[in-house]
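Biologist: Could you take a close look at one part of this model for me, the second largest pocket, and then set it beside the sheet? I would love a connected account that I can follow on screen.

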Amino acid sequence: QRYNQEKKRMCSHFYAFVLSLRFSPTMRPPPPLLPRIAASASATPPRRQRTVRPPMPPSPALLSSTPPPAAFVETPKPETTQQHPPTARRRLTLADEEWHPLPLSLAELSLPLTLPTGQTFLWRRTSLSPLRFTAAVGPHLVSLSHLPDDDRLAFLLHNDDPASSPSSSVAAARAALCDYLNAAVPLADLWVQFTAADARFAEVAARLGGGGARVLRQDPVECLFQFLCSSNNNIARIEKMVWTLAGYGERLGEVGGFVFHRFPTVERLARVSEQELREAGFGYRAKYVVGTAKELMAKPGGGAKWLALLRDRELLEVIEGLCTLPGVGPKVAACIALFSLDKNQAIPVDTHVWKVATQYMLPELAGKSLTPKLSIVVADAFVAKFGEYAGWAQNVLFIGQLPAKKLVATEVTSETAKPTKRKRATKMVEIQA
């Protein structure tokens with residue numbers, strides 16, 4: 001406080017002194033500054049003027065091939081009488097692209113309930129609005145989507161056969177898709193039977209919208225090698241491994257940032273080394289892929305023919321035959337039999353199906369551990385309740401055990417994007433194999 005008082009006192013004395021000088025009658029103005037500047041300028045030597053050289057032209061090798069940008073001229077926008085707001089989503093119509101309808105309604109096939117639910121790992125979401133899935137079905141690169149007018153399923157063919165007319169290419173793709181999608185099986189009728197037979201199925205069916213979860217009829221070679229990658233694995237790694245295997249096949253084209261290939265033949269897979277697959281992240285499954293390819297090559301008539309002939313055999317014989325291949329156990333064999341070999345009564349029993357069985361069908365097994373013998377008991381219980389298409393009912397009950405967010409379309413990413421870490425609850429969802 002004493003310091004502030006002293007500071008104020010000194011400042012008041014200083015201001016009084018300045019005012020006394022300014023208004024003093026004896027105060028003279030200072031001499032002009034121009035003579036001083038002139039004198040100093042004459043005393044100092046003149047400064048050298050800096051010469052600026054013109055810029056050197058670029059050498060011919062460094063000349064840019066890009067022309068200089070043109071001057072921007074703002075043009076007035078034409079006046080419109082009606083302003084249309086930007087649309088948030090694009091409606092799929094036949095006029096936009098050449099979409100071809102299939103004989104399957106939304107009740108007969110729902111894309112989110114069929115393609116991304118553990119039967120196959122090769123379809124990619126290439127659009128969310130409208131929802132569209134793309135994959136190679138044999139030599140055909142196709143996209144599937146539901147038409148907005150009547151919810152019919154339709155396909156878009158991305159690669160035409162240059163050796164045939166466009167109409168014949170579309171006809172061949174339609175035939176391949178109808179076979180792949182098991183279009184001859186009346187799904188709606190089956191769901192009516194299943195709903196009447198089981199209260200748990202009726203509850204799950206109502207929650208899933210009343211229909212649409214269809215069992216596929218995949219190529220046996222493609223299905224076998226996909227499920228070799230699925231044992232003790234999570235969906236993200238399975239998709240990466242299966243995508244790597246597909247990359248050994250013929251390139252069909254690019255859609256939505258994804259490069260699609262026709263699934264390779266057994267002969268091509270037999271030339272892949274185990275070390276190559278291990279470096280790609282297959283781990284111990286690399287020896288199963290290589291070993292199975294070599295085993296199939298030794299089959300009479302080739303591996304593809306041997307697998308196709310299993311469609312005409314009984315389920316028990318099919319399971320036993322598949323289990324002779326490296327890396328194939330009863331559960332994986334049941335998946336292959338159900339999803340590619342026409343064994344509609346095959347029941348892949350995993351932890352999800354075991355939970356359903358012990359809670360709703362066989363409560364006396366609650367508290368016990370799943371064993372191969374109990375897997376047979378569960379499979380027999382499903383067949384006794386649902387009949388010859390018990391595998392289709394089991395597939396619906398399996399989907400009903402998945403978290404709800406797994407059944408909703410997620411964002412579209414390409415295979416070139418950096419992988420992102422996901423929460424355990426999403427990443428470690430167990431699939432049927």
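Modeller: Happy to! A word on classes to begin with: Ala, Val, Leu, Ile, Met, Phe, Trp, Tyr, Cys and Pro count as nonpolar, Asp, Glu, Lys and Arg as charged, and the others, Gly among them, as polar. Please keep in mind that this is a predicted model.

By those classes, the lining of the second largest pocket has 14 nonpolar, three polar and two charged residues. That lining is made up of 19 residues, and P330, I347, S375, I376 and A379 are the ones nearest the pocket's centre. The space inside comes to about 540 Å³. Three elements each give two or more residues to the lining: α13 (315-322), α14 (330-340) and α16 (372-386). Of the elements, α16 gives the most, with six residues.

Now for the sheet. It is an open one of five strands, running in the order β1-β5-β4-β3-β2 with antiparallel pairing. The strands β1 (99-101) and β2 (124-128) are at the edges with a single partner strand each, so one side of each has no neighbour in the sheet. On average, neighbouring strands here are turned by 30 degrees against each other, direction ignored.

If you would like one pairing to trace by eye, try β4 (residues 140-146) with β5 (residues 153-157): they pair in the antiparallel sense over five bridges. A handy place to start is S145, whose bridge partner in β5 is A154.

Technical notes
Residues are numbered from 1 along each chain as its sequence is written. This is a predicted model: local features need pLDDT of at least 70, side-chain atom pairs count only at pLDDT 80 or more; totals for chains, interfaces and linings use all residues. Side-chain values use heavy atoms; hydrogens and water are left out. Two strands pair if DSSP finds at least two bridges between them. Helices (H or I, at least four residues) and strands (E, at least two) are DSSP runs, numbered from the N terminus. Axes are lines fitted to C-alpha atoms, for helices over the stretch in contact, and angles run from 0 to 180 degrees between N-to-C directions. On a 1 Å grid over the protein atoms alone, a cavity is a set of points where a 1.4 Å probe fits but cannot get out, and a pocket is an open set with protein on both sides within 12 Å along at least five of seven lines; lining residues have an atom within 4 Å of a point. Grid points are joined across faces, edges and corners, and a volume is the space filled by probe spheres set on the points.
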